[in-house]
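Dear colleague,

I am passing on the structure we spoke about, and below it you will find my notes on the ligand site and on one part of the surface. Please read them with the model open beside you.

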Amino acid sequence: MKYSSFQLIKRIFRNARQFWPRLLVLFLLSLLATPIALLKPYALKLMIDSGFGSKPVPDFIRVFFPDSFDFTFSAIILIAAALVIIIALIENLYGFVSWLMETFVGEKMVLYFRAMLFDHIQRLSLAYHDRKGSADSLYRIQWDTMCIRSLLVEQLSPLLSSFITLLSMIVVMFMINPGFAIISLCIIPPLFVLTRLSATRLRKDWYKVKEAESAAMTVLHEVLNSLRVVKSFGREESEGERFFKSSDHAVKGQIKMARIGAFFSFLIGMLIAAGTALFFYIGALHVQSGKMTLGELTLVLAYLAMVFGPLQSISKNLNEVQSSLVSIDRVFAVLDEEKEVEEHPQAERLPPVKGHFEFKNVGFSYQQDKPTLQDISFMIQAGDRVGIMGTTGAGKSTLISLLNRFYDPSAGMISIDGVDIKNYKLADYRDQFSIVLQEPVLFSTSIGENISYGRPGATDKEIIEAAKAANAHDFIMKTANGYDTPVGERGMQLSGGERQRISLARAFIKNAPVLILDEPTGSLDIKTEAQIMEAMERLMKGRTTFMITHRLDTLEACNIILHLEQGRLMEIVRDHDADFLKEKKITLLKGT
Ligand code: ADP
């Protein structure tokens, strides 16, 4: 447990500064609940005391009537009946307003924290996402943030009003009988110890339950994202079992928490009962010895119930409060994660680059003591086409990730036009690259918007030009709504080749000086590949290009070939001849 409950609550309040006035209104509203509840039996009291009984009608009702008004029995009963309606009206109006306010403030606050978390999570390093997985982030953004509403709106506010009731009742008790007030205070230390114990215990286990719930969500997320594979291998049933098992683990955790919570609630209930029993006993002795009247004892016992009532409701809330605090801690844990690879405090704007890169003794490892890349050194000129080859796991993608500054090297230095890339602003630096991946990533909007993702604000004309350059225009025009046709989630309504052409068009429209192609034709058939290659040739013109590929004909288009094996640069070949590639093919095949 990194933070205590109090520290966490303090931090939420600090972060939710803009909601303070609205939270105050909510709190004041919650204070009204008790007096409104006290109004309820008033109509009955009026009917009994003044209707059937002989008590005069109270003044605050009289003021609404002329002095000459005759409060007959039937008039009083009518007034009592009207009071039922008026009190119900007040009560329901109060309920309506506080419900609306709770929803309004609560939802706004959740949205605020969700947006903050989403913004932050997007900027976290890839290393974080590799470690945690996307379902964990989803759970934190979607579910953990919801607890901010429950904590501030549904739990803390009643807790605070219970606390205020408690304090005021203790003061009232002091005025009636200080001795009894002191006895009632004796219950507080053991209660405090129990509360602390339960908080520690509950909190520790709530972390595990939330982890288990997020793990169950991982299964769901993974399966829904890979339905094609699940279906084709006929694994629906076993995936169902996997989901059930991991969800069941979470459910068992929830039940365990309910058990622990109920146990502590039971202990607190018994402590309160013991306190009340003590009062009964001492009070009865006092009455017997004449130190106190029976009326006084009745009054003190009634007040005692009002002191212990809030204590009991505080104890009942403990479990939920701890659950919410754990969620909030999980939200803050993400917000505390360092953003991205670190940007140098004096990072400079990047002037227009030529695209001259140098790797100087670069080393990198994902895990300690297990180097992924070692001692990589090479230099390339602007406009070079660099083919990166090597068996699977050689470190090709890692090299590209370093080039993109998704990670920083653990040794050595990468420079662009002679300057360490760390000296430049990250966003500026990344802006120099266009990327085309083996599996193109499309978003569930229209074709046109997917292309202009490369340059927001691009005109229709520019989008069409880019699509033409990428050999995509013709197929786009054949779709139902042309550039406005939606592509479906992750572009699933298009073929692999079509998706790839859209991602090429995106690279065209971005018009960045450096191009990264990560096996762009890896998953395409020969005919589609030829069309894509033609567009890609156009795209590479005048740009420094890095291309990972296994295909010899694609490598032929490169003037420099870097051959990586087991994280080391085996050789650099400039302006190779055809025999070189033939030979390479043979060694690569042997290697795999
Ligand atoms: P290639 O692109 O040549 O197939 P990679 O660069 O993807 O190779 O991987 C190089 C090595 O690093 C492999 O052993 C792989 O298992 C490991 N690796 C890749 N990505 C990660 C990661 N995110 N976390 C830990 N290890 C990784």
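Helices are DSSP runs of H or I with at least four residues, strands are runs of E with at least two, and both are numbered from the N terminus. This is a predicted model, in which local features need pLDDT of at least 70 and side-chain atom pairs count only at pLDDT 80 or more, while totals for chains, interfaces and linings use all residues. Residues are numbered from 1 along each chain as its sequence is written, and side-chain values use heavy atoms, with hydrogens and water left out.

The ligand is surrounded by residues that include Asp-130, Tyr-366, Thr-372 and Lys-396 (each with a heavy atom within 4 Å of it). Helix H14, residues 396-403, gives the most to this shell, with three residues. Polar contacts (pairs of N or O atoms within 3.5 Å) join oxygen atoms of the ligand to the backbone at Gly-393, at 2.7 Å, at Ala-394, at 3.1 Å, and at Gly-395, at 2.9 Å. The protein buries 63% of the 560 Å² that the ligand exposes when taken alone (Shrake-Rupley method, 1.4 Å probe).

Elsewhere, Leu-24, Leu-28, Leu-31, Leu-160 and Ile-164 make a nonpolar surface patch of about 420 Å² (residues with over 30% relative accessible area and no salt bridge, that is, no Lys or Arg side-chain nitrogen within 4 Å of an Asp or Glu carboxyl oxygen, their nonpolar side chains being joined within 5 Å). The largest share of the patch, three residues, comes from H2.

With regards

Note on methods
Polar contact = N/O pair within 3.5 Å; in protein donor to acceptor, adjacent residues only side chain to side chain. Patch = residues over 30% accessible without salt bridge, like charges linked within 9 Å, V, L, I, M, F, W, Y side chains within 5 Å.
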